Amino acid sequence: MPMTDSSPVPIGRRRVLIAGSAAAAAVGIGAGTAATRPGAAATGATDAVPAAHAICTLTKQLTEGPYYLDHALVRADVSEDKQGVPLELVLPVVDKDTCAPLNKALVEIWYCDALGEYSGFVGNNGHQEPDNGKFLRGGVLTGTDGVAKLKGIYPGWYRGRCIHIHIKVHTGVTLTADGSFTGGNEIHTGQLFFDEKITQAVAKLTPYSTNTVPRTPLSSDGIYGNGGTAAGLMAVTALGSTPSAGYRGTLTLGIDADA
């Protein structure tokens with residue numbers, strides 16, 4: 001039976017801030033415009049992100065789930081040889097008290113491929129494929145602007161969960177010679193989510209369309225809970241005129257550095 005991450009774990013006092021709609025507009029992502037139209041071309045979206053974000057909203061963290069692996073590679077592109085719709089992530093990290101950018105925070109992601117399989121756990125969603133224990137896992141350090149930029153493919157799905165990306169934020173890490181990291185403090189664990197209209201468009205494309213496992217929509221997901229940006233719903237902009245051209249997802253995370 002495949003595992004699902006349907007039971008949130010206690011998180012104590014650790015919290016995360018996520019910028020509201022005004023901050024989303026400040027980074028050039030128009031919520032409710034290109035962000036929710038699967039075939040729309042990006043308009044006004046750039047890689048530039050302001051050095052400070054004035055609006056922050058306190059929200060909860062979300063469960064780590066059963067598929068986390070230690071010693072993720074420090075790298076900007078996690079796709080490896082996985083086929084799928086291109087995805088860019090632009091994730092500013094800011095201090096919860098001042099909304100100032102958080103420098104040298106390691107933003108780590110991990111998620112399943114188009115067939116719903118996680119590296120290191122291939123077979124749990126009913127598909128047999130090569131498993132190097134590394135695909136669609138990795139992280140990058142933020143710069144002085146507080147922004148983490150990563151690339152991969154749009155996630156697939158597995159039984160019982162909507163499409164999502166897991167995320168952790170660490171501070172004080174030490175980079176290692178093998179391309180990973182060690183030490184530091186884990187100050188946020190959460191998940192990133194996508195508008196259902198975009199997911200519907202992507203799900204029609206190969207290789208996603210070959211995934212025969214029933215897909216749970218965002219509205220029925222027990223982790224997301226219809227929480228909007230407070231629960232990790234990204235502002236997503238099309239990178240071209242068709243879904244196959246890919247998307248850019250943005251969410252500003254305000255972190256309690258003392259957690």
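**Exercise 1. A residue in a loop**

Is Glu64 buried, partly exposed or exposed? Work out its class, then describe its surroundings.

*Solution.* The structure is a predicted model, and every value below is computed from it. Begin with the position: Glu64 belongs to the loop between β2 and β3. Next comes the accessibility, for which the cut-offs are under 20% for buried and over 50% for exposed. The relative accessible area of Glu64 is 29%, so this residue is partly exposed. Then look for contacts, leaving out residues up to four places away in sequence: Glu64 touches Trp110, His166, Lys168 and Thr189. Finally, compare sequence with space: Glu64 and Gly190 are 126 residues apart along the chain, and their C-alpha atoms are 6.7 Å apart.

**Exercise 2. The chain as a whole**

Describe the protein chain by its secondary structure, its burial and its contacts.

*Solution.* Count the elements, and the chain turns out to have two helices and 13 strands. Turn next to burial, where 52% of the 259 residues count as buried. For the contacts, consider those with a separation of 6 or more: residues 24 or more positions apart account for 79% of them.

**Exercise 3. Two tyrosines from separate loops**

Describe how the rings of Tyr67 and Tyr118 are arranged, and find out which residues join them in a cluster.

*Solution.* The geometry of two aromatic rings is given by the distance of their centres and the angle of their planes. The structure holds eight aromatic pairs. In one of these, Tyr67 and Tyr118 are stacked, with 4.1 Å from centre to centre and 10 degrees between the planes. The pair links distant parts of the chain, since Tyr67 is in the loop between β2 (57–59) and β3 (86–95), whereas Tyr118, 51 residues apart from it, is in the loop between β4 (106–110) and β5 (137–141). As for accessibility, Tyr67 counts as buried because its value is 2%, and Tyr118 is buried with a relative accessible area of 2%. The last step is to follow the ring pairs, which link Tyr67, Tyr118, Phe121 and Tyr158 into a cluster.

**Exercise 4. Lysines over rings**

Which ring does Lys82 lie over, and which ring does Lys168 lie over?

*Solution.* Take Lys82 to begin with: it lies over the face of Phe135, at 4.1 Å from the ring centre. Lys168, one of the residues that Glu64 touches, lies over the face of Tyr68 at 4.8 Å from the ring centre.

**Exercise 5. An enclosed helix**

Why can helix α2 be called largely enclosed by the rest of the structure?

*Solution.* Helix α2 covers residues 196–203, and six of its eight residues are buried, so the helix is largely enclosed by the rest of the structure. The buried residues are Glu196, Ile198, Thr199, Ala201, Val202 and Ala203. To see what they meet, look at β11 (235–238) and β12 (247–250), against which these buried residues pack. Two residues of this group, Glu196 and Thr199, return in the next exercise.

**Exercise 6. A cavity**

What are the volume and the lining of the second largest cavity?

*Solution.* There are two cavities of 30 Å³ or more. The second largest has a volume of about 40 Å³. Its lining consists of Cys162, Ile163, Phe194, Glu196, Thr199, Arg215, Thr216 and Leu218. Sorted by class, these are four nonpolar, two polar and two charged residues.

**Exercise 7. Backbone exceptions**

Identify a cis peptide bond and two residues with a positive phi.

*Solution.* Most residues other than glycine have a negative phi, and most peptide bonds are trans. The peptide bond from Thr206 to Pro207, however, is cis, with omega near 5 degrees, and Pro207 is found in the loop between α2 and β11. His71, which is not a glycine, has a positive phi of about 65 degrees; it is placed in the loop between β2 and β3 and, at 61% relative accessibility, counts as exposed. Glu80 is not a glycine either and has a positive phi of about 55 degrees. Glu80 is also in the loop between β2 and β3, and it is partly exposed, with a relative accessible area of 36%.

Note on methods
Residues numbered from 1 in each chain as written. Predicted model: local features only at pLDDT ≥ 70, side-chain atom pairs only at ≥ 80, totals over all residues. Heavy atoms only, no water. 1 Å grid on protein atoms, 1.4 Å probe; cavity = no way out; pocket = protein on both sides within 12 Å on 5 of 7 lines; lining within 4 Å. Points joined across faces, edges and corners; volume = space filled by probe spheres on them. Nonpolar A, V, L, I, M, F, W, Y, C, P; charged D, E, K, R; others polar. Phe/Tyr/Trp six-rings, centres within 6.5 Å; stacked < 30°, edge-to-face > 60°. Helix = DSSP H or I, 4+ residues; strand = E, 2+ residues; numbered from the N terminus. Buried < 20%, exposed > 50% of the residue type's maximum accessible area, 1.4 Å probe, protein only. Lys NZ or Arg CZ within 6 Å of the ring centre and 35° of its normal. Contact = heavy atoms within 4.5 Å.
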